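Q: Hi, could you walk me through this one? I'm new to it.

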Amino acid sequence: MSGGDLQPVRKRKRPDHIMANPKFETVTSILLLLIGSFIIAVSFNIFLVPLGIASGGVSGLSILVKRMTDIPPAYTQWALNVPLFLVGWWLLGKRFALKTALGSFVLPFFVLLTSHWSPPTTNALLAAIYGGIGVGVGLGLVFRGRGSTGGLDLAAQLLHRYTGIRLGLAVACFDGLVIAAAGILIAPENALYALIGLFATSKTIDFVQTGLALSKVAFIVSDRPDDITEVILSDLDRGLTMLDGRGGYTKQQRTILMVVVGRGEVSKLKQLVRSADPHAFVIISDTAEVLGEGFSLP
């Protein structure tokens with residue numbers, strides 16, 4: 001495999017003092033956690049709480065407790081987060097626990113602060129969708145800042161650490177238990193709405209993490225790789241990587257070109273490849289994120 005050079009597109013670099021400044025990164029992380037937690041709290045209070053949509057986690061448990069005892073969700077969240085935080089400190093270490101300390105306190109505080117906000121809808125389906133989206137936006141921002149809001153994520157980490165269960169499965173197990181409890185204690189219909197909210201949350205987190213700028217990755221198999229390389233470098237202004245391959249049927253050595261382009265450049269890429277080699281075999285697929293020095297999408 002030859003060296004990759006997916007960075008011919010001009011891109012302004014951030015100053016080195018910003019990229020390497022730990023204080024800047026810390027401030028950014030805290031701001032993202034605060035903004036994300038506030039968005040989660042508002043979405044929770046105006047969409048999920050009024051209609052009893054308990055879509056997993058400590059937040060979902062706090063909705064169940066409110067329905068049964070009328071205790072404000074913020075107090076339940078603090079009551080659950082504190083022991084989970086202490087257990088996490090003891091079993092997972094100081095470094096991990098400190099990452100969750102701020103979020104474990106701030107999120108319930110914002111929930112308490114916005115608890116009087118009025119819901120914009122009484123439609124359970126709309127509340128599940130928009131509540132899920134709002135929570136997903138908030139969590140996505142928190143995760144982008146490498147933070148955590150604590151809660152059952154800590155319990156999932158403990159289950160993963162001491163049982164070997166995959167982390168994603170551990171999170172799904174806890175969320176599933178909360179949703180099942182909502183179906184039993186509130187109504188089966190609420191559990192179904194909670195699943196919709198949970199789905200919206202997961203998809204929104206992915207969107208916030210990767211953004212809209214979906215790029216495309218193309219693999220090109222051709223007998224004329226040098227000609228295609230030339231037109232991509234000169235006419236498309238994109239770099240590429242040459243991979244060594246071998247035909248499964250012919251057993252012949254072939255050069256495979258890999259190039260990443262923006263969605264708007266796909267048609268031009270196909271046209272250039274066709275002009276250089278009408279018989280080239282081209283595979284184009286989505287790629288959610290491209291990282292690398294100098295690489296940017298138009």
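A: Sure! Two strands pair if DSSP finds at least two bridges between them, and strands (E, at least two residues) and helices (H or I, at least four) are DSSP runs numbered from the N terminus. This is a predicted model, where local features need pLDDT of at least 70 and side-chain atom pairs count only at pLDDT 80 or more, while totals for chains, interfaces and linings use all residues. Residues are numbered from 1 along each chain as its sequence is written, and side-chain values use heavy atoms, with hydrogens and water left out.

Q: Thanks! In β3, what is the bridge partner of L243?
A: L243 has I256 as its bridge partner in β3. In all, β2 and β3 are joined by 6 bridges and run antiparallel.

Q: And what's in the hairpin of β2 and β3?
A: There are 6 residues between the two strands, and K251 takes a positive phi near 65° in that hairpin.

Q: What order do the strands of the open sheet have?
A: The order is β2-β3-β1-β4, so to speak a row of 4 strands, with antiparallel pairing. At the edges sit β2 (241-246) and β4 (281-287), each of which pairs on one side only. Direction ignored, neighbouring strands are turned by 25° against each other on average.

Q: How many bridges join β1 to β4?
A: Strand β1 (residues 215-222) has 7 bridges to β4, and the two run antiparallel. For instance, V221 in β1 has F281 as its bridge partner in β4. Helix α10 also packs on this sheet: α10 touches β1, β2 and β3 (253-262), and its direction makes about 15° with that of β3.

Q: What about β1 and β3, how many bridges there?
A: β1 and β3 run antiparallel too, joined by 8 bridges. A218 stands opposite V259 in β3.

Q: Back to α10. At what angle does it pack with α11?
A: Helix α10 (residues 225-236) and helix α11 (residues 266-276) are at about 140°, and their axes are 9 Å apart. That makes α10 oblique to α11 (under 35 degrees counts as roughly parallel, over 145 as roughly antiparallel, 65 to 115 as roughly perpendicular, the rest as oblique). Axes are lines fitted to C-alpha atoms, for helices over the stretch in contact, and angles run from 0 to 180 degrees between N-to-C directions.

Q: Which residues meet there?
A: From α10, D227, I228, V231, I232, D235 and L236 meet K268, L269, L272, V273 and A276 of α11 (contact means heavy atoms within 4.5 Å). By class, this contact has 8 nonpolar, no polar and 3 charged residues.

Q: New topic: which residues does UniProt annotate as "transmembrane region"?
A: An unreviewed UniProt entry gives that annotation to residues 30-54, 74-93, 100-118, 124-143 and 164-186. Such annotations may be inferred rather than shown by experiment.

Q: How much of 124-143 is helix in the model?
A: That span is 100% helix and 0% strand, with its end C-alpha atoms 28 Å apart. Residues 100-118 are 74% helix and 0% strand, and their end C-alpha atoms lie 29 Å apart.

Q: How do α2 and α6 pack?
A: Helix α2 (residues 22-48) and helix α6 (residues 124-144) make an angle of about 165°, with axes 7 Å apart. That makes α2 roughly antiparallel to α6.

Q: Which residues of α2 make the contact?
A: On the α2 side they include L32, L33, I35 and G36, and on the α6 side A127, Y130 and G131 are among them.

Methods
Nonpolar A, V, L, I, M, F, W, Y, C, P; charged D, E, K, R; others polar.
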